[in-house]
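Please open the structure in your viewer and keep the sequence panel visible beside it. The tour below proceeds by selections, each followed by a description of what is found there.

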Amino acid sequence: MVDSYTNVSVDKIIAEFKDVKSGLLPALHAIDEKYKVIPEEALVKLSQVFNIPVSQIYGVATFYAKFAVNQRGKNVIRFCESAPCHIAGAAELVAAFEKQLGIKAGETTLDGKFTLEFCQCVGMCQEAPVFTINQQPYFNVSIEEIPEILARF
Ligand code: FES
């Protein structure tokens with residue numbers, strides 16, 4: 001379950017890391033873990049606490065595919081776009097999910113239920129193409145199985 005964002009709770013999370021050497025990344029992880037997004041207010045607060053320009057904090061948050069600065073859906077589907085998965089036909093799976101959900105990769109369904117994203121290799125190249133739903137890996141999935149998989153969520 002994703003908690004609602006509040007300034008008080010995000011301040012508390014950031015405070016836990018303010019005296020930690022290189023505490024920015026652990027703070028981003030902790031915020032992401034709790035809210036599944038790095039809210040703009042958190043970027044500003046992180047900037048103040050770590051004395052780093054907001055633009056640099058934003059750069060770090062958007063560099064790592066794990067972090068999102070825009071609200072994600074309840075379930076996050078991530079397609080590996082590294083070469084082995086690409087060669088094994090990831091694009092066809094992505095297109096099938098996009099068609100089924102009525103969104104493009106990088107978008108969230110209007111009901112907030114699903115977000116489609118790309119990611120780098122998840123370490124299961126021998127099973128390519130691989131995607132994850134809420135970090136659970138899926139492989140050997142045919143296009144015909146997609147509706148049944150989505151129905152589980
Ligand atoms: S390349 Fe896709 S899991 Fe490794």
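Domain bounds, as used here, come from an automatic or database domain assignment. On that basis, the protein chain is divided into domain 1, residues 7-63, and domain 2, residues 75-151. Please bear in mind throughout that this is a predicted model.

**The whole chain**

Begin by selecting the entire protein chain and colouring the two domains separately. The C-alpha centres of domain 1 and domain 2 lie 28 Å apart. Taken along the principal axes, the C-alpha atoms of the chain fill a box of roughly 50 × 30 × 20 Å.

Now switch to a cartoon display. The chain has seven helices and four strands, and along the sequence they follow the pattern α-α-α-α-β-α-α-β-β-β-α. Of the 153 residues in the chain, 39% are buried. Consider also the contacts between residues at least 6 apart in sequence: 60% of these join residues at least 24 apart.

**Helices H3 and H4**

Select residues 40-50, which form helix H3, and residues 54-63, which form helix H4. Their axes come within 9 Å and cross at roughly 120°. That angle makes H3 oblique to H4. The crossing of the two helices is right-handed.

Which residues of H3 and H4 meet? Show side chains for Leu43, Val44, Leu46 and Ser47 in H3, and for Val54, Ile57, Tyr58 and Ala61 in H4; these are the residues that meet. Seven of the residues in this contact are nonpolar, one is polar and none is charged.

**Helix H2 against H4**

Keep H4 on display and add helix H2, residues 24-35. The axes of H2 and H4 come within 11 Å and cross at roughly 60°. The two helices are therefore oblique to each other. H2 passes H4 in a right-handed crossing.

In this contact, Leu24, Leu25 and Leu28 of H2 meet Ile57, Val60 and Ala61 of H4. The residues here divide into six nonpolar, no polar and no charged. Please pause at Ile57 and Ala61 in H4: both take part in the contact with H3, and both take part in the contact with H2.

**Val69, between H4 and E1**

Next, select Val69, in the loop between H4 and strand E1. Is Val69 buried, partly exposed or exposed? Its relative accessibility is 22%, so Val69 counts as partly exposed; the buried class would require a value under 20%.

Display the residues around Val69. Leaving aside residues up to four places away in sequence, Val69 touches Val37, Ile38, Leu43, Tyr58, Ala61 and Thr62. Among these, Leu43, Tyr58 and Ala61 also belong to the contact of H3 with H4. A distance label may be drawn from Val69 to Ala42: the two are 27 residues apart in sequence and 9.7 Å apart in space, C-alpha to C-alpha.

**Ile77 in strand E1**

Move on to strand E1, residues 75-80, and select Ile77 within it. Ile77 has a relative accessible area of 0% and is buried.

What does Ile77 touch, not counting residues up to four places away in sequence? The list comprises Phe97, Leu101, Phe114, Thr115, Leu116, Glu117, Phe131, Thr132, Ile133 and Leu150. For a distance label, choose Ile77 and Phe118, which are 41 residues apart in sequence and 8.2 Å apart in space, C-alpha to C-alpha.

**Three loops with backbone features**

Select Pro129, in the loop between strand E2 (114-119) and strand E3 (131-133). A cis peptide bond joins Ala128 and Pro129, with omega at about 0°.

Proceed to Gln135, in the loop between E3 and strand E4 (136-138). The phi of Gln135 is near 75°, a positive value in a residue other than glycine. Gln135 is exposed, with a relative accessible area of 62%.

Finish at Asn140, in the loop between E4 and helix H7 (146-151). Asn140 likewise has a positive phi while not being glycine, here near 55°. Is Asn140 buried or exposed? With a relative accessible area of 61%, Asn140 is exposed.

Conventions:
Residues are numbered from 1 along each chain as its sequence is written. This is a predicted model: local features need pLDDT of at least 70, side-chain atom pairs count only at pLDDT 80 or more; totals for chains, interfaces and linings use all residues. Side-chain values use heavy atoms; hydrogens and water are left out. Axes are lines fitted to C-alpha atoms, for helices over the stretch in contact, and angles run from 0 to 180 degrees between N-to-C directions. Angles under 35 degrees count as roughly parallel, over 145 as roughly antiparallel, 65 to 115 as roughly perpendicular and the rest as oblique. A crossing is left-handed if the near helix is turned anticlockwise from the far one by less than a right angle, and right-handed if clockwise. Contact means heavy atoms within 4.5 Å. Ala, Val, Leu, Ile, Met, Phe, Trp, Tyr, Cys and Pro count as nonpolar, Asp, Glu, Lys and Arg as charged, and the others, Gly among them, as polar. Buried means under 20% relative accessible area, exposed over 50%, partly exposed in between (1.4 Å probe, protein chains only).
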